[in-house]
Structure formats: C-alpha cells, structure tokens
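This briefing goes through a single protein chain, beginning with a term for helix packing and then moving from the fold to the surface.

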Amino acid sequence: MLQEQEQMPKAYWVARVNIKNPDIYRFYMEAAPSVLRKHTGRILARGDKAEQLEGQEYHRHVIVEFDSMQDALDCYNSPEYQTAREFRNGIADVETVIIEGVD
C-alpha cells in the first residue's frame, strides 16, 4: 500500500518596486522569469496597474507562486537570480518578501 506524501504548503514571493531607470530595468525583466520557472516559480501577477489603499506607493508589483518555501528561497539565493538582480542594483528600489501559504 502506498503512503500519501505530505504536501508542503506553497510559498509566495511578493515584490514591490520603484523603477528609476526603465531602460536598464528591462534587462532584469528579461532575465528573471526563466530563473523563477527553473525553481517552480509561476508569475501570478505582474504590472504597474494597482490600487494603492494603504502604505507606501510603488510603481510595480509582482506575485510569484512556488511549490514550497524552500523552492522560493533556493530561487532567490541561486547564482542565476543573483546575477539577474545585478541589473536592477541602483536603478530600482525593491521590497521583497517570501510568504508561506496556507495548507
């Protein structure tokens, strides 16, 4: 009899961004999605259109779903993602958090 494997909760990477130089930031936008996918990441929302209800306003918001918290952390800490991040250093203010989902 096969035992059911316990499924880990998904994780969500939420980033809020203020872009200072869109011409250079586009290099990050071209590089990051393939790295996210490599680590089970699926972009659920990405864009500039948002309704700011409370707190600091940002230009861009991104929500990425991962199969697990470990996948999300592995993605963020991967050499490929760290290389992609270099494209936005100094040209964007970024706030990123990874949140574990509910069962």
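Two axes count as oblique when the angle between them is neither under 35 degrees (roughly parallel), nor over 145 (roughly antiparallel), nor from 65 to 115 (roughly perpendicular). With that cut-off in mind, the points below describe the structure, which is a predicted model.

**Helix packing**
- Helix α2, spanning residues 69-77, packs against helix α3, spanning residues 79-86, at an angle of about 55°, and the axes of the two helices lie 5 Å apart.
- The helices α2 and α3 are therefore oblique to each other.
- On the α2 side the contacts are made by Cys 75, Tyr 76 and Asn 77, which meet Pro 79, Tyr 81, Gln 82 and Arg 85 of α3.

**Fold and overall dimensions**
- The chain holds 3 helices and 4 strands, and these elements follow one another from the N terminus in the order β-α-β-β-α-α-β.
- Along the principal axes, the C-alpha atoms of the chain fill a box of roughly 60 × 35 × 15 Å.
- Among the contacts in the chain with a separation of 6 or more, 78% are between residues 24 or more positions apart.

**Burial, surface and charge**
- Of the 103 residues in the chain, 31% are buried.
- The chain exposes about 7300 Å², and 50% of this area is supplied by carbon and sulfur atoms.
- The chain carries 12 positive and 18 negative charges, and the mean positions of these two sets are 7 Å apart.

Conventions:
Residues are numbered from 1 along each chain as its sequence is written. This is a predicted model: local features need pLDDT of at least 70, side-chain atom pairs count only at pLDDT 80 or more; totals for chains, interfaces and linings use all residues. Side-chain values use heavy atoms; hydrogens and water are left out. Buried means under 20% relative accessible area, exposed over 50%, partly exposed in between (1.4 Å probe, protein chains only). Contact means heavy atoms within 4.5 Å. Accessible areas come from the Shrake-Rupley method with a 1.4 Å probe; for residues, only the protein chains shown count as cover. Lys and Arg count as positive and Asp and Glu as negative; His and the chain ends are not counted. The place of a charge is taken as NZ of Lys, CZ of Arg, CG of Asp or CD of Glu. Axes are lines fitted to C-alpha atoms, for helices over the stretch in contact, and angles run from 0 to 180 degrees between N-to-C directions.
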